[in-house]
Amino acid sequence: MSMISYVNGQYLPEEQATVSVFDRGFLFADAVYEVTAIINGKLVDFEHHIARLQRSCHELQLALPYSSEEIKQIHTQLIERNNINEGLIYLQFTRGNAKQRNFLFPDKDIQPTLVLFAQKTNIVDNLKVKNGIRAVTVDDIRWARCDIKTVALLAASLAKEYAKQQGADDAIFVKDGIVTEGSSSNCFIVNQHGQLQTRGLSHEILPGITRKAVLSLAKEQGIAIIEKAFSLEEMLTAKEVFMTSATTLVCPVIKINHQKIGEGKPGNIAIRLREIYLENTK
Ligand code: PMP
């Protein structure tokens, strides 16, 4: 049975869930998105995802004519209608259908496009993630506003495809010798001093919701934290490396560019933070 999606006020089966070829999301990537995990039928960190969506819209002068409550309602409806216990809800909000191709924002008020769909996927018992992944590094060729969660994901897609062709599971972006973030995640290391290190927020990385949650859990656990950029070299010689994202939570990295990280197995801090994070979603 096909899944039910949401398109501008309507709940529709997959075959009918369509948008116009003139939609600015399609033509210009003039659109923002969010991915929220569902664990045990419940949305994880929903309020933070909405806050980031509002921020992304603000940065693009994109008015969002829906309240947090309305957007939450749609998420809940999709969980119920598709009977999702574990998986994700994808939300995309575009500047809408301008009925032509024109780079400039449309003059008159057009209806923006709001699309949401659900996907079932293993989050808690994702074996690949639990056992640790192999990554390769790639040049960060993305634009200069990676803090805005836009749908312009071609660089990430190319990076993931390159990783696959190299026999790896994911890619990590590096700019001028400094690690920025994962292709769809934030990057953490446990450095030589035993501190948990991740780079500070800037235009160069997405302010990850899982990053934020993990930093606050680590703080509660009394783990020493430092928000500071690190080099590729520091990452390769770190005691642990892990990535964070809504759908992989805390994902240990055991090999980078064919080089073992630490002992070549998931590190203790990554395992502990993953467990505590999961505990908190109950
Ligand atoms: N950085 C990038 C580039 C991403 O695409 C993502 C996931 N969308 C993240 C970080 C992680 O963000 P979150 O924890 O909110 O999923």
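## Ligand shell and open sheet

By class, the residues of the shell around the ligand divide into eight polar, four charged and four nonpolar. The model is predicted. In total, 16 residues surround the ligand, and the closest are Arg52, Lys149, Glu181, Ile209 and Thr210.

Two of these closest residues, Ile209 and Thr210, also appear among the polar contacts tabulated here, together with Ser185.

| Residue | Protein atom | Ligand atom | Distance |
|---|---|---|---|
| Ser185 | backbone N or O | nitrogen | 3.5 Å |
| Ile209 | polar backbone atom | oxygen | 2.9 Å |
| Thr210 | polar side-chain atom | oxygen | 2.6 Å |

The ligand on its own exposes 390 Å², of which the protein buries 92%. Its site is the largest pocket. Two elements give two or more residues to the shell around the ligand: α6, residues 209-220, and β13, residues 240-245. The range of α6 takes in Ile209 and Thr210, both of which are listed with the closest residues.

The model also contains an open sheet of six strands. Which order do the strands of this open sheet follow? The order is β2-β1-β6-β5-β3-β4, and the pairing is antiparallel. At the edges stand β2 (10-13) and β4 (42-43); each has a single partner strand, so one side of each has no neighbour in the sheet. In general, strands of a sheet are paired by backbone hydrogen bonds, in either a parallel or an antiparallel arrangement.

One pair within the sheet joins β1, residues 4-7, to β6, residues 113-120. These two strands are antiparallel and pair over two bridges. Across this pair, Tyr6 stands opposite Leu116 in β6.

Notes: Residues numbered from 1 in each chain as written. Predicted model: local features only at pLDDT ≥ 70, side-chain atom pairs only at ≥ 80, totals over all residues. Heavy atoms only, no water. Near = heavy atom within 4 Å. Polar contact = N/O pair within 3.5 Å; in protein donor to acceptor, adjacent residues only side chain to side chain. Areas by Shrake-Rupley, 256 points an atom, 1.4 Å probe, with all protein chains shown as cover. 1 Å grid on protein atoms, 1.4 Å probe; cavity = no way out; pocket = protein on both sides within 12 Å on 5 of 7 lines; lining within 4 Å. Sits in = over half its atoms within 2 Å of the grid points. Helix = DSSP H or I, 4+ residues; strand = E, 2+ residues; numbered from the N terminus. Nonpolar A, V, L, I, M, F, W, Y, C, P; charged D, E, K, R; others polar. Pairing = 2+ DSSP bridges.
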